[in-house]
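Open the model in your viewer and keep the selection panel at hand. The stops below are meant to be taken in order.

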Amino acid sequence: MDKIWIHAEIGGDKPSSITLELATKARSLGGTVEAFYAGDNAEAVAQELGQYGVSKVYTVDTGGSLQGPAVASAMAAQIEAGNTPDLVMFGSTYDGRDVLARLSVKLDHPVLTNNIDVVEEGGEVRCTTQIFGGQTIVTTAFKCPAPHLANFRPKSFAAEPGGATTAEVVAVEAPEAAKVRVIERHVEERSGPILDEAAIVVSGGRGLGSADKYEMIEQLAKALKGAPGASRAIVDAGWVPYSYQVGQTGKVVKPNVYIAAGISGATQHMVGMKGSKNIIAINKDPEAPIFGIADLGIVGDVHKVLPALLEALQGR
Amino acid sequence: MNVVVCVKQIPDPATPGELDPSTNFLKRDGKLILDESDAYGVEMALQLADKAGGGEVTLVSMAPNSEMSGLRTALAMGAAKAVLVSDPALAGSDALGTAKVLAAAIKRVEGADLIIAATEASDGYTGTVPEQVAALLDLPSITFAKKIEVADGKVKIERQTEAGYDEVEADLPALVTVTAGVVEPRYPSFKGIMAAKSKPVDEVTVADLGIDAGQVGIAGARQEITSVTPAEEREAGEVIEDDGTGHEKIVAFLEKLKVI
């Protein structure tokens, strides 16, 4: 491919991990890699992206709105003027999906989403995705002219610096006016490692029985210097915030150790954690699907196993 | 306040999904149910209409056949009526084709102040359809709402972000996607279930909506599945019954990995 665009996002004060993963993958497909970015610290973000082989960063001012229409209209304006990439890569993220969807309507081009890989093969661009909780791998080819539009699950590619260059920063117009106003941004304070970067993740599910029992999960995560996570069932039930959710609709985690307590292993959950190196499951139902992928399975009551485990760990 | 809710009828997630080997489409021949993700949007819409002191909740859905069982569930929860786009031409539609159909169907609903959808469906989970619908209707959109308030012609949202949440607002009419957990969906009452049977469902075809059949279905999707393969199986390890020493097994396992 001659040229690939990536949608760059910020995580803290640097490019987010998914952004660097996309840059690395785009670089490996050959040709020029350019990024679109709407956010703070553009110079610093561009400098780091340069270390990953991104040669140009287009910056977009959203005018205090959400990214979708502004960034998509800026991309579409470039394409209209003849600056056309072969592929535009996005993260499967909150803002990434908004921009991808808006751009697809502007260009009247289809999207392929939640991909884990992309290749150029037989003169086609093909994307790979997992379905049925990761049990089946489906590859789909675009059957339309470029630019092809796709987004990718976090952690699908390793982020590796390379092809270092100085990324040129170019401010571009966003022809579409903002119709949504961001009034205030709230950052939730979190102690301990971030869920999708933690080496150890301890997740709880419906088997805990009630919201107050989630404290055991937090204590165990803390004792192991890991991050607490959750199944969709208890997020839906309002026991913990959405940001704790591991699974298809939540975070993808690939820690060294994943402990699933009181989680049966719905496909929706498994797709978010089956890439973990080591999986420990505690569940009272011996038929629970989670035991099918666990390296160590304890058929037992979480209300007995977890307190005993906490006590054993505290004595160390 | 009139609210439109986009809903999807999907195969029961409790039964394992299957692809039709001849088309590679998801098999949808069994009974379809209301996607659980949509129950939150329906409930939110009912509560907002109630709070505004009037107005109707209208469902919008599409299906290649005249399937309605999932729609009846949402009508039983309290929605007033539904528009169902039902046409064999829709089989194999992708996200953009789906969005074109839903956008055209929403236009049939008069005086819609707010359009609600789930962030993504539980079966296909492309996750772009609502924002595409908003783009096609040229409406402001706010995705991933975990809290919604409507007042003075504006919708105010707490939107989930990586770092926490943003307070975002837009003028009505607007489109909002809701995360599961935004409200607790009600169970349909017996009275509701009986009433749902006679609620109006406006069944229309792609042609009724003025959409060219080439824009939807397989033709409109402009993509082709080139391979379907089973993923590498992860092997199950040791599974033991807890006899009071289960925690010791976990400690030993963690020690072996040198994480404690």
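The tour of this predicted model goes from the contact between the chains to the domains of one chain, and then to some strands and loops.

**Stop 1: the interface of chains A and B**

Colour the two chains separately and select the residues of each that touch the other. You should have 82 residues from chain B and 80 residues from chain A. Together the chains bury about 7200 Å², and carbon and sulfur atoms give 54% of that area. On the chain B side, show B:Tyr125, B:Arg222 and B:Arg234: these supply 11% of the area that chain B buries against chain A, more than any other three residues.

Next, look at the polar side of this contact. There are 11 salt bridges between chain B and chain A. Sorted by class, the side of chain B that touches chain A consists of 34 nonpolar, 22 polar and 26 charged residues. Polar contacts across the interface involve 41 residue pairs, with both residues at pLDDT 80 or more. Over all chains, the salt bridge count comes to 24.

**Stop 2: two salt bridges between the chains**

Select B:Glu131 and A:Arg102 and show their side chains. The two meet in a salt bridge, with 2.8 Å from N to O.

Then move to B:Arg159 and A:Asp95. Here too the side chains form a salt bridge, at 2.9 Å from N to O. Which elements does this pair link? B:Arg159 belongs to strand E8 of chain B, and A:Asp95 to helix H4 (residues 94-107) of chain A, and the pair crosses between chains.

**Stop 3: strands paired across the chains**

Select residues 296-299 of chain A, which are strand E17, and residues 238-241 of chain B, which are strand E13. The two strands run parallel and are joined by 4 bridges. To see one facing pair, pick A:Gly297, which stands opposite B:Val239 in E13(B).

**Stop 4: the two domains of chain A**

Hide chain B for now. Colour residues 3-172 of chain A as domain 1 and residues 195-314 as domain 2. Their centres, taken over C-alpha atoms, are 32 Å apart. The contact between them draws on 10 residues from domain 1 and 11 residues from domain 2.

How much area do these domains of chain A bury between them? The figure is about 870 Å², with 46% of it on carbon and sulfur atoms. Select A:Gly133, A:Arg153 and A:Lys155 to see where much of the domain 1 part lies: they supply 61% of the area that domain 1 buries against domain 2, more than any other three residues.

No salt bridges join the two domains, as the count is 0. The interface does have 4 residue pairs in polar contact, both residues of each being at pLDDT 80 or more. On the domain 1 side, the residues touching domain 2 are 3 nonpolar, 5 polar and 2 charged.

**Stop 5: strand E7 of chain B and its partners**

Show chain B again and select strand E7, residues 141-151. One partner is strand E8 (residues 154-160) of chain B, which runs antiparallel to E7(B) and is joined to it by 6 bridges. In this pairing B:Val150 stands opposite B:Val155. E7(B) and E8(B) form a hairpin with 2 residues between them. In the turn, B:Asp152 has a positive phi of about 50 degrees.

Another partner is strand E10 (residues 174-178) of chain B, which runs parallel to E7(B) and shares 3 bridges with it. Here the partner of B:Ser141 is B:Leu175.

**Stop 6: backbone exceptions**

Most residues other than glycine have a negative phi, and most peptide bonds are trans. Three sites remain to be checked against that background.

- Select A:Asn41, which has a positive phi of about 50 degrees although it is not a glycine. A:Asn41 lies in the loop between strand E4 (32-37) and helix H2 (42-51) of chain A.
- Go to the peptide bond from A:Ala146 to A:Pro147, which is cis, with omega near 0 degrees. A:Pro147 is in the loop between strand E9 (136-142) and strand E10 (148-152) of chain A.
- Finish at the peptide bond from B:Leu172 to B:Pro173, which is also cis, with omega near 0 degrees. The loop holding B:Pro173 runs between strand E9 (164-171) and E10 of chain B.

Terms used: Residues numbered from 1 in each chain as written. Chains lettered and ligands numbered in written order. Predicted model: local features only at pLDDT ≥ 70, side-chain atom pairs only at ≥ 80, totals over all residues. Heavy atoms only, no water. Domains from an automatic or database assignment. Contact = heavy atoms within 4.5 Å. Buried area = accessible area lost by both parts, 1.4 Å probe. Salt bridge = Lys/Arg side-chain N within 4 Å of Asp/Glu carboxyl O. Polar contact = N/O pair within 3.5 Å; in protein donor to acceptor, adjacent residues only side chain to side chain. Nonpolar A, V, L, I, M, F, W, Y, C, P; charged D, E, K, R; others polar. Pairing = 2+ DSSP bridges.
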